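Here is a short report for a reader new to this structure. Please look at the model first, then read on.

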Amino acid sequence: KNSGTIILMKNLAHMQAFYLNKIDEAVLLLETAIKIPHAKPMDIAACKIELADILLMSGDNWEATLLYSQVEKAFKYDAIGYHAKFKNAKLSFYIGEFEWARTQLDILRSATSKLIANDAMELSLLISDNIDADSNIIPLRMYAGASLQEFRKNYSASLFILDSIESLYPYHNIIDEVLLHKARIHKKRGNYLAADSLYTIVYTNYNNDILADNALIECARLNEHILKNKEKAIECYRKILFDHSGSLFVTEARRQYRLLKEDQKSSETSAIDFPHHG
């Protein structure tokens, strides 16, 4: 346990907390890592964020937000500082402090990290779309609770809440988010056909909504890499290129579409060149 192994300690703590249910061991390991003398400030900051994540997972929201804030303040103009700020905003979202969360997210939309800026924009838009004057805020509160349960890996509890939103508020603006969220959880649990079905519903029934391209790219990846349904993957990539040309996923869709089409042509050529004689 020294400055050269601090990141290994962080990674081990993550595994202990999120996959082995050894919360206390993970917390102790990270508290030790943070106190290591002569460690790089950036490495200590990474350990603080990991510790905050684990505390949030175990229900200690207050200590988690303090740690995120420490990193945010110490690295105000660095990527890790933006990362901590985003996690703090997300914590506020989880516990229903939507206005505060949106304020922080709107600041992050100009962050130098493209990934953080995009994530901040998506969450900010989710909040904005569901706290307008004419919108019932209860579904958003329920959705935030489901998101927190997913973060804590309580997938059954998260799905129960999401199913309840769908049942109680079938025509609310948030339903496409609910369906996409359910699909992500089913994918994590290995229920790939259920995930595929939900992605398809989102991009078919909500084709003009902001999440259609998210559903398409996730469905394409699932079918290409896991379900091995290359035809459906090609169709999803094609829809992104032609129906959602402004999407962030256009570059990936174009690349994978070309690769799959070339693979398809190659297979067809091979079948012609080497016919099977029974």
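## A bridge between two helices

D163 counts as partly exposed, because its relative accessibility is 37% and the partly exposed class runs between 20% and 50%. This is a predicted model. D163 forms a salt bridge with K182, and their closest N and O atoms are 2.8 Å apart. The pair links distant parts of the chain. K182 sits in helix α10 (residues 175-188), while D163 sits in helix α9 (residues 155-168). They are 19 residues apart. K182 is buried, with a relative accessible area of 9%.

## Other salt bridges

The whole structure holds 14 salt bridges. One of them joins K10 and E50, with 4.0 Å between the closest N and O atoms. This pair also links distant parts of the chain: K10 belongs to helix α1, E50 to helix α3, and 40 residues separate them. Both K10 and E50 are buried.

R102 and E99 form a salt bridge as well, at 3.0 Å from N to O. Here both partners lie in helix α6 (residues 98-108). They are three residues apart, about one turn of the helix. E99 is partly exposed, with a relative accessible area of 46%. Elsewhere, a network of salt bridges links K187, E218, R221 and E252.

## The overall fold

How many helices and strands does the protein chain have? There are 14 helices and zero strands. The C-alpha trace spans about 70 × 50 × 35 Å along its principal axes.

The protein chain has 278 residues, and 48% of them count as buried. Among contacts with a separation of 6 or more, 51% come from residues 24 or more positions apart. The chain exposes about 14,900 Å². Carbon and sulfur atoms supply 54% of that area.

## The nonpolar core

In soluble globular proteins, nonpolar side chains tend to be buried together. The largest nonpolar core in this model has 87 residues. Which members touch the most others? They are I54, F93, I127, Y143, Y199 and Y237. Helix α3 (residues 41-58) gives the most to this core, with 11 residues.

Y143 shows what such a position meets. Leaving aside neighbours within four places in sequence, Y143 is in contact with F93, L126, L162, I165 and I174. E177, V178, H181 and R184 are also among its contacts.

## Aromatic pairs

The structure holds four aromatic pairs. F93 and Y94 form a tilted pair: the ring centres are 6.4 Å apart and the planes meet at 50°. F93 is buried, with a relative accessible area of 2%. Y94 is buried too, at 10%.

F93 also pairs with F98. That pair is tilted, with 5.7 Å from centre to centre and 55° between the planes. F98 is buried, with a relative accessible area of 4%. One aromatic cluster takes in F18, F93, Y94, F98 and F151.

## A nonpolar patch at the surface

Nonpolar side chains also appear on the surface. M15, Y19 and L20 make a nonpolar surface patch of about 340 Å². M15 is found in helix α1 (residues 6-18).

Is M15 buried or partly exposed? M15 is partly exposed, because its relative accessible area is 47%. Helix α1 also holds K10, the partner of E50 in a salt bridge between distant parts of the chain.

Conventions. Residues are numbered from 1 along each chain as its sequence is written. This is a predicted model: local features need pLDDT of at least 70, side-chain atom pairs count only at pLDDT 80 or more; totals for chains, interfaces and linings use all residues. Side-chain values use heavy atoms; hydrogens and water are left out. Patches are made of residues with over 30% relative accessible area and no salt bridge: like charges are joined within 9 Å, nonpolar side chains (Val, Leu, Ile, Met, Phe, Trp, Tyr) within 5 Å. Accessible areas come from the Shrake-Rupley method with a 1.4 Å probe; for residues, only the protein chains shown count as cover. Helices (H or I, at least four residues) and strands (E, at least two) are DSSP runs, numbered from the N terminus. Buried means under 20% relative accessible area, exposed over 50%, partly exposed in between (1.4 Å probe, protein chains only). A nonpolar core is a set of buried Ala, Val, Leu, Ile, Met, Phe, Trp, Tyr and Cys residues joined through side-chain atoms within 4.5 Å. Contact means heavy atoms within 4.5 Å. Rings of Phe, Tyr and Trp (its six-membered ring) pair if their centres lie within 6.5 Å; planes under 30 degrees apart count as stacked, over 60 as edge-to-face and the rest as tilted.
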